[in-house]
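Dear colleague,

With this message I am handing over a structure that may be new to you. Please look at the sequence and the model first; my notes on what was found follow below.

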Amino acid sequence: MVSITNAHNDLVHDAVLDYYGKRLATCSSDKTIKIFSIENDQHKLQDTLTGHEGPVWQVGWAHPKFGVILASCSYDGRVLIWKEENGQWTNVAEHRVHTASINSISWAPVEYGALLLCTSSDGDCSIIEFLSDGSTKSFKFQAHLIGSNAGTWAPCIGDGKDFTKRRIVTGGCDNLVKIWKFNEDGTNVVLEHVLQGHTDWVRDVAWSPSNLGKAYIATASQDRTVLIWTNDSNDSTTPWKKSLLTKDKFPDVCWRASWSLSGNILAVSGNDKVSLWKESLNGEWESAGEVDQ
């Protein structure tokens with residue numbers, strides 16, 4: 001296990017390994033992003049990226065097919081795109097269409113191309129497409145009336161060319177979870193399902209990467225619960241079923257939820273702890289351990 005201490009001068013909000021697990025990107029309220037190389041349980045600071053004017057909430061690595069590219073989002077209402085070439089990091093693009101904090105970013109499945117989903121406290125979400133000539137195009141849609149806290153993509157179905165099979169899920173300050181699908185030409189999204197169950201802000205949404213006919217979405221909330229939503233047919237006409245991850249509430253706000261790459265283990269973070277959960281053969285969710293660090 002690699003332990004990095006005193007990396008930032010303020011709270012660390014996110015830490016993400018790249019596709020190969022060789023680099024770690026971290027971000028903080030100190031307005032910086034740090035890039036570390038990871039090798040043989042050792043870490044080395046490679047670079048410190050500056051450019052945001054407020055706390056940096058989240059970072060996300062693009063698929064290596066598109067190069068060594070990192071996205072970051074901040075309280076300053078901007079998404080910055082960073083690229084490494086010949087060992088040097090530069091800011092190559094800026095996305096500024098929101099009027100408030102951008103709270104989360106999520107790269108699309110690689111089959112869709114270089115698409116990035118952004119959610120904002122202004123209630124809107126936006127999707128940026130990075131084109132091969134270096135330009136970008138984007139569209140924005142109203143998702144949650146009070147504010148959008150989190151969003152992510154469904155796994156790719158088919159070859160990715162059918163826009164209407166592309167789906168995203170968002171969670172907001174209206175306590176709602178919403179599922180959206182793209183229109184036929186991929187220029188906007190339409191609301192497909194509204195999932196009600198939480199009694200306070202939805203802090204995170206996570207769509208399981210498993211693509212075996214049954215869809216799973218985990219939602220973490222300020223109401224100290226995590227809900228598991230399932231769709232047996234994984235299509236637009238079948239209603240979603242909800243169940244509590246655990247009958248007892250968590251001791252603190254549930255901030256983040258994340259699936260393992262195989263989609264069978266769910267990690268939930270809150271109160272400086274990460275708990276692991278797995279589904280039993282009878283469909284109940286049971287503890288699979290806890291991480292204290």
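Two strands are said to pair if DSSP finds at least two bridges between them. The model is a predicted one, and the pairings described here are to be read in that light.

**A hairpin late in the numbering**

Strand S23 (residues 273-279) meets that requirement with strand S24 (residues 285-291): six bridges link them in the antiparallel sense. Within this pair, lysine 278 has glutamate 286 of S24 opposite it. S23 and S24 make up a hairpin, with five residues between them. In its turn, glycine 283 shows a positive phi of about 90 degrees.

**The sheet S5-S6-S7-S8**

Four strands make an open sheet whose order is S5-S6-S7-S8, and their pairing is antiparallel. Strand S5 (56-61) and S8 each have a single partner strand, so they stand at the edges, with one side of each left without a neighbour in the sheet. On average, and with direction ignored, neighbouring strands of this sheet are turned by 25 degrees against each other.

Inside the sheet, strand S6 (residues 69-74) and S7 run antiparallel and are joined by five bridges. One facing pair consists of alanine 71 and isoleucine 81, the latter in S7.

The loop between S7 and S8 holds asparagine 86. The phi of asparagine 86 is near 55 degrees, a positive value in a residue other than glycine. Is this residue, asparagine 86, buried or exposed? Exposed means over 50% relative accessible area, and asparagine 86 counts as exposed because its relative accessibility is 81%.

**The sheet S9-S10-S11-S12**

A further open sheet of four strands follows the order S9-S10-S11-S12, again with antiparallel pairing. At its edges are strand S9 (102-107) and strand S12 (136-142), each of which pairs on one side only. Here neighbouring strands are turned by 20 degrees against each other on average, direction ignored.

Strand S11 (residues 124-130) is joined to S12 by seven bridges, and the two run antiparallel. Two facing pairs may help you to find your way along them. Aspartate 124 has glutamine 142 of S12 as its bridge partner, and glutamate 129 stands opposite lysine 137, also in S12. S11 and S12 form a hairpin with five residues between them. The turn contains glycine 134, whose phi is positive at about 95 degrees.

**The second largest pocket**

What is the volume of the second largest pocket? It comes to about 310 Å³. The lining consists of 15 residues, and those closest to the centre of the pocket are Ile69, Lys83, Phe130, Leu131 and Gly134. Strand S7 (79-85) and strand S8 (88-95) are the elements that give two or more residues to this lining. By character, the lining residues divide into ten nonpolar, four polar and one charged.

This pocket thus touches on parts already described: Gly134, listed among the residues closest to its centre, is the glycine in the turn of the S11 and S12 hairpin.

**Cysteines**

How many disulfides does the model contain? The count comes to zero. Cysteine 125 is in no disulfide, and the nearest cysteine sulfur, that of cysteine 118, lies 8.7 Å away. A disulfide requires a pair of cysteine sulfur atoms within 2.5 Å. As for accessibility, buried means under 20% relative accessible area. Cysteine 125 is therefore buried, at 0%, and cysteine 156 is buried as well, at 12%.

**Two further residues**

Asparagine 175 is found in the loop between strand S14 (167-172) and strand S15 (176-182). Its phi is near 70 degrees, which is a positive value in a residue other than glycine. With a relative accessible area of 22%, asparagine 175 is partly exposed.

Threonine 32 lies in strand S3 (residues 32-39). This threonine 32 is buried, with a relative accessible area of 13%. Its C-alpha atom is separated by 5.8 Å from that of leucine 49, although threonine 32 and leucine 49 are 17 residues apart along the chain.

With kind regards

Definitions and conventions. Residues numbered from 1 in each chain as written. Predicted model: local features only at pLDDT ≥ 70, side-chain atom pairs only at ≥ 80, totals over all residues. Heavy atoms only, no water. 1 Å grid on protein atoms, 1.4 Å probe; cavity = no way out; pocket = protein on both sides within 12 Å on 5 of 7 lines; lining within 4 Å. Points joined across faces, edges and corners; volume = space filled by probe spheres on them. Nonpolar A, V, L, I, M, F, W, Y, C, P; charged D, E, K, R; others polar. Buried < 20%, exposed > 50% of the residue type's maximum accessible area, 1.4 Å probe, protein only. Axes fitted to C-alpha atoms, helices over the stretch in contact; angles between N-to-C directions.
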